Amino acid sequence: MSESQPLVRVENLSVRFSVTVNGKKRHIIPVDAVSFEIGLGEVLALVGESGSGKTTIGRTLVRVIEPVSGRIEVNGRDVTHIRGRDLAAHQKTVQMVFQDPFGSLNPVRTVEHHLALPLRLRERSNQPVRDRVDRLLERVGLTPVAETRVKFPHELSGGQRQRVAIARALAVRPQFLVADEPISMLDVSVRAGILTLMNQLKADFNLSYLYITHDLASARYFGDRIMVMYGGRVVEVAPSPELIRQPIHPYTRLLLAATPGNGPREPVAIAENQGPNLLQGRLGCPFRDRCNIATGVCQEVAPRFEAVDSAHSVACHHGS
Amino acid sequence: MLADTPVLEVKDLSVAYETRQGSVQAVSDVNLSVFRNEIVGLIGESGSGKSTLAYAIMRLLRGGAGVTSGTIRVLEEDVYALSPETLRQFRWNKMSMVFQSAMSALNPVLTIEQQMVDTLRSHRSQLSPAQARQRAAELLQLVHIRPDRMRSFPHELSGGMRQRVVIAIAIALNPALVVMDEPTTALDVVVQRSILDEIQALQRIVGFSILFISHDFSLVAELCSRVAVMYAGRVVELATTQGLFSSSAHHPYTEGLRKAVPRVTAADVSIEGIPGTPPDPARLPAGCAFHPRCAYKMAECTTTRPSLRTVENATIACHLFADKSIAQEPRHV
């Protein structure tokens, strides 16, 4: 991870949305001063609950959303506020795979149409588009290709649709994929196939991923490192095995204790609140209201993100 | 535990949907019992028939679906022999159901209190409004919701709190059986865990039996004492939870599911998917419905459907164990 230049470098990234609270216009900050890096060929798993800001980060990296402050660099180039042709070029480097393979494909277009369009966009080639479509389909395991090519999304299973979505993302030869809960809507028996496919693509194309998930188990399987978010902030990041073995932040510990398949455990504390406050100008640690070791300082001062060792960092006043 | 009569007894049950293309068998020849104070898990993927089975038990099948053969008894009463009025009283009093989406199970324009009082009074007409309110408050306390939240509307509560309310309503009249259809699937991991803790605690305190339906193998394994695995409308394996994680004999599908799920703290992180996808109930493969995805496929799997047999400590429908089985007749489960 400490190579000379990371593929993606995010510094102090904040995103702001306008909302109406009790008839008044307010701002929320779903992503609040987030910094991280992703190396070449690295998978960073981003774990958090709904409302933690994980999807917003993904969308900001592909620049569907423009941040209000902070900086995003890809390959050393600042892409934070680029527009027009630069943005189009950026979006060939960075592609996204969505959670819902039903909503992300056009129901009246064939598989071939979905893949031919980005292939034509990418570059001119002497090879017929159809051959390149076939190779993509083979690559993601949708064989026999001649049959799959002419199918419509409704003729495919959820897992097959997600494979088409991955093939479409690969068509522009990206360096970096944002995969937002790509397996959570799929049947249990087909999830492993998608995860192993993404793992294989990582190895074959030296692809980097931001793997967004709510599930620590799949994060541990696929992620080289795991980054845990709560209430718009990163609370902990560490290499996957270490984060599971030695979680420090109280939220990471809670998440781990709550994950099924984890053997005997204590009952977890009951979360009565509606989730963290995301309004602009909030103070203190986002997790303080649910934390069993919170003190006065946690109410007022946001904990700094500090390194425990070279690869493990945590944002907690009481973590060590 | 196995000595007394079951709270729920499903016998040779088949359910079919009438469609324009003809009759589609969603549940076939299912035998399943749930005993007093027992939590039985039912695992299956989309199209396995697990939700159809739940609706059949509650006699809630709609939209062209109907029981084509078999019986369902709850507390020894044939659910399908009850008159409409008896059925209405039977539901909630003897058996109730918790659905996946708490938001659609609750009425959005009534407060939590109103909904609970309505349920209580429509089944216990002798309760005064004050008594019903008192009981509603007690029930909410049982699921750890503060009494001051009683006047809230469903949309004012978090997803986890809504599901707690639904569970409180489900157990309001002390039913013997609660059917839970993916009650935590829409919730965050931590909230899911606290609801599961809640269900286990309530089950110990109040004492009722649960048929817990889920697609999540590790979740079911933690919660339940016995587990039925459904595939393509049939129970293909019935085992104790302990047995499920032991190296004893398993249906290849069960084994595949176990290998498909990454385990968060296990030393071995490798996973292996099951090739192919679950079949369309309208176009089931001949023989064993799992054979196109099975690594152990033999010639007879494509022609002859295996019946359930007792193998070691489980009941399994697979030709692999034909010579290892103890009895050729399916044990009454």
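1. Two strands are taken to pair if DSSP finds at least two bridges between them. The model discussed here is predicted.

2. On that basis, β1(A) is joined by 5 bridges to strand β4 of chain A, residues 69–74, and the two run antiparallel. Within β4(A), A:Glu73 is the residue that stands opposite A:Arg9.

3. Strand β1 of chain A, residues 8–21, also pairs with strand β2 of chain A, residues 24–38; this pairing is antiparallel and extends over 10 bridges. Here A:Val15 faces A:Val31 of β2(A) as its opposite residue. The hairpin of β1(A) and β2(A) has 2 residues between the strands, and A:Asn22 adopts a positive phi near 50° in it.

4. In chain B, an open sheet of 8 strands with mixed pairing follows the order β6-β7-β8-β3-β9-β10-β12-β11. Its edge strands, each pairing on one side only, are β6 (95–98) and β11 (309–311) of chain B. From one strand to the next, the twist averages 20°.

5. At the β6 edge, β6(B) pairs in the parallel sense with strand β7 of chain B, residues 177–181, over 4 bridges. B:Leu177 in β7(B) stands opposite B:Met95. Helix α1 of chain B, residues 50–57, packs on the sheet and touches β3, β6, β7, β8 and β9 of chain B. The direction of this helix makes about 150° with that of β7(B).

6. The contact between the chains draws 34 residues from chain A and 34 residues from chain B. On the side of chain A that touches chain B, α7 (188–205), α8 (216–222) and α10 (250–258) each supply at least two residues, and α7(A) gives the most, with 8 residues. By class, that side has 16 nonpolar, 14 polar and 4 charged residues.

Technical notes. Residues are numbered from 1 along each chain as its sequence is written. Chains are lettered from A and ligands numbered from 1 in the order in which they are written. This is a predicted model: local features need pLDDT of at least 70, side-chain atom pairs count only at pLDDT 80 or more; totals for chains, interfaces and linings use all residues. Two residues are in contact if their C-beta atoms, placed from the backbone, lie within 7 Å. Ala, Val, Leu, Ile, Met, Phe, Trp, Tyr, Cys and Pro count as nonpolar, Asp, Glu, Lys and Arg as charged, and the others, Gly among them, as polar. Axes are lines fitted to C-alpha atoms, for helices over the stretch in contact, and angles run from 0 to 180 degrees between N-to-C directions.
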